[in-house]
Amino acid sequence: MAEIRLDALTKQYPGGTVAVNGLDLQIGDGEFFALLGPSGCGKTTLLRTIAGLENATGGRLLIGGVDHTHTPAGKRDVAMVFQDYALFPHMDVADNIAYPLRIRGEKRAQRRAKAAQTGAGLGLSVLMERRPGQLSGGQQQRVALARAMACQPSVFLFDEPLSNLDARLRLEARTFLKRLQKELAVTTIFVTHDQAEALAMADRMAVMELGRIRQVGTPAQVFHRPANTFVANFIGSAPMNLLPGTVRDGAVQVADRSLPVPDSAPKVPDGTAVILGARPEYVTIEPEGPGTLSGTVSIVENLGASALVTIEVPAGAAGGAGTPGPILVQAMVPEGSEPGPGQRVSVACQRDRALLYDAESGNLLDSDQVGYHRADTAEPAR
């Protein structure tokens, strides 16, 4: 068993910078878990602390039920794949793969045999005598994976291992890595700032900001029901539309228009300042009428099978004096149906897909009170 548990785990650097701020998290045995967040949010520091490359300054780290908070890195039974792969340029592929076994003290013949077996499983047999400088980026990545696998660890730690690959190779590597992890059933933590990678690969994921976890859940939960406006704005190929408004007479007043309260929202008192959230995928172009916002198309971005349309909606008197305008609303429409720049259109938010957030705290107003969006209550998938 290689379940990972963090109890108020903290990493503070000299000078007072807190990179990991009292995190509580549980990752199930064999789970593929992604850590996602902007640069500087603490995700790599957290990974290095789990690996033992950084020393925790507070809290506990348990792997398989054993406290490894202060265990030296070489005795934690984890293997880490770095962003730059960290291959030894003077060693051939076979010796690079076998290097961790050499550190363990295994005999040369035994570690060469294990390296050959692991390399063969990743299609490296014909490359075993080459050095890293003679390999492509994808081949170097596979060597780094083989080196991690040769140790047969209980935990894999990946620090943005796909970021140095071109777009097409990244897609291929993503599929390969996910399949490999499932075949090996090894608990895996994958750090990335690329949300497409996290959404496509993870069983569950955590979104981090400034050393804290803002949401834990499955990719579907995090995408469809962001727990707060930070996650809503961070997740998605285009960020969620976040429209400031006020609840009046059972509707959300946005830019002098009354829009329906989302189905998922609880009853909110009149006068409450809220933010109406709707992903561009769930905003549709409609004839002008009740429940729509009208404005002028400013930008049309061709995305291939679809187009992202940006509409400028006048803020109106409801925004109050000094409110910057206009309000920008984005809609994802099928290829060929997009309006042209300068055209006046009306849009509506799908009521069953829209969300309501508290304007002051930024937290989701959820009538179901499901709780999965809270990091301190989320449990690993079973």
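The charged end of Arg279 sits over the ring of Phe223, 4.2 Å from the ring's centre. A second arrangement of this kind involves Arg353, whose charged end sits over the ring of Tyr282, 4.6 Å from the centre. Keep in mind as you look around that this is a predicted model.

## Rings that meet rings

Let us stay with the aromatic residues. How many aromatic pairs does a search of the whole structure find? The search turns up 5 aromatic pairs. A pair of aromatic rings is described by the distance of the centres and the angle of the planes. Two of the pairs are set out here.

| Ring pair | Centre to centre | Angle between planes | Kind |
|---|---|---|---|
| Phe32 and Phe190 | 5.8 Å | 40 degrees | tilted |
| Phe156 and Phe158 | 5.7 Å | 40 degrees | tilted |

Why is the pair of Phe156 and Phe158 tilted? Its planes meet at 40 degrees, and because tilted covers whatever is neither under 30 degrees (stacked) nor over 60 (edge-to-face), that angle falls into the tilted class.

The pair of Phe32 and Phe190 links distant parts of the chain. Phe32 belongs to strand E3 (residues 32-36), while Phe190 belongs to strand E8 (residues 187-192), and the two are 158 residues apart. Try finding both in the sequence first, and then in the 3D view.

Are these rings buried or exposed? Phe32 and Phe190 are both buried. Phe156 is buried too, with a relative accessible area of 5%, and Phe158 counts as buried at 3% relative accessibility. Ring pairs join Phe32, Phe156, Phe158 and Phe190 into a cluster.

## A sheet with a helix across it

Now turn to the start of the chain. Here you can find an open sheet of 4 strands, in the order E2-E1-E4-E5, with antiparallel pairing. Which strands are at the edges? They are strand E2 (18-27) and strand E5 (66-67), each of which pairs on one side only.

Strand E1 (residues 4-12) pairs with strand E4 (residues 58-63) in the antiparallel sense, over 5 bridges. To see the match residue by residue, look at Ile4, which stands opposite Ile63 in E4.

Helix H1 (residues 43-51) lies across E1, E2 and E4 and runs at about 115 degrees to E1. Gly52 is found in the loop between H1 and E4. At 17% relative accessibility, Gly52 counts as buried, because buried means under 20%. Leaving aside neighbours within four places in sequence, Gly52 is in contact with Ala73 and Arg76. Ala115 is another story: its C-alpha atom is separated from that of Gly52 by 25 Å, and the two residues are 63 apart along the chain.

Following the chain past E5, you come to Thr71, in the loop between E5 and strand E6 (78-81). Thr71 counts as buried, at 18% relative accessibility. Its side chain makes a polar contact with the side chain of His68, at 3.0 Å.

## A threonine in a helix

Another threonine, Thr118, lies in helix H3 (residues 108-121). Thr118 is buried, with a relative accessible area of 13%. Which residues does Thr118 touch, not counting those up to four places away in sequence? The answer is Ala146, Met149 and Ala150. Thr118 and Val143 are 25 residues apart in sequence, and their C-alpha atoms are 9.5 Å apart in space.

## Two hairpins that share a strand

Our last stop is strand E12 (residues 251-254). On one side of the story, 3 bridges join E12 to strand E11 (residues 241-248), and the two run antiparallel. In the other pairing, 4 bridges join E12 to strand E13 (residues 257-260), again antiparallel. Val252 takes part in both matches: it stands opposite Val247 of E11 and opposite Leu259 in E13.

Both pairings are hairpins. The hairpin of E11 and E12 has 2 residues between the strands, and Asp249 takes a positive phi near 55 degrees. The hairpin of E12 and E13 also has 2 residues between its strands, with a positive phi of about 50 degrees for Ala255 in the turn.

Which way do the residues of E12 point? Ala251 and Gln253 point one way, Val252 and Val254 point the other way, and all are buried. In a regular strand the side chains alternate between the two faces of the sheet.

Definitions and conventions. Residues are numbered from 1 along each chain as its sequence is written. This is a predicted model: local features need pLDDT of at least 70, side-chain atom pairs count only at pLDDT 80 or more; totals for chains, interfaces and linings use all residues. Side-chain values use heavy atoms; hydrogens and water are left out. Rings of Phe, Tyr and Trp (its six-membered ring) pair if their centres lie within 6.5 Å; planes under 30 degrees apart count as stacked, over 60 as edge-to-face and the rest as tilted. Buried means under 20% relative accessible area, exposed over 50%, partly exposed in between (1.4 Å probe, protein chains only). A charge sits over a ring if NZ of Lys or CZ of Arg is within 6 Å of the ring centre and within 35 degrees of the ring normal. Two strands pair if DSSP finds at least two bridges between them. Contact means heavy atoms within 4.5 Å. Axes are lines fitted to C-alpha atoms, for helices over the stretch in contact, and angles run from 0 to 180 degrees between N-to-C directions. A polar contact is a pair of N or O atoms within 3.5 Å; within protein, one must be able to donate a hydrogen and the other to accept it, and residues adjacent in sequence count only if both atoms are side-chain atoms.
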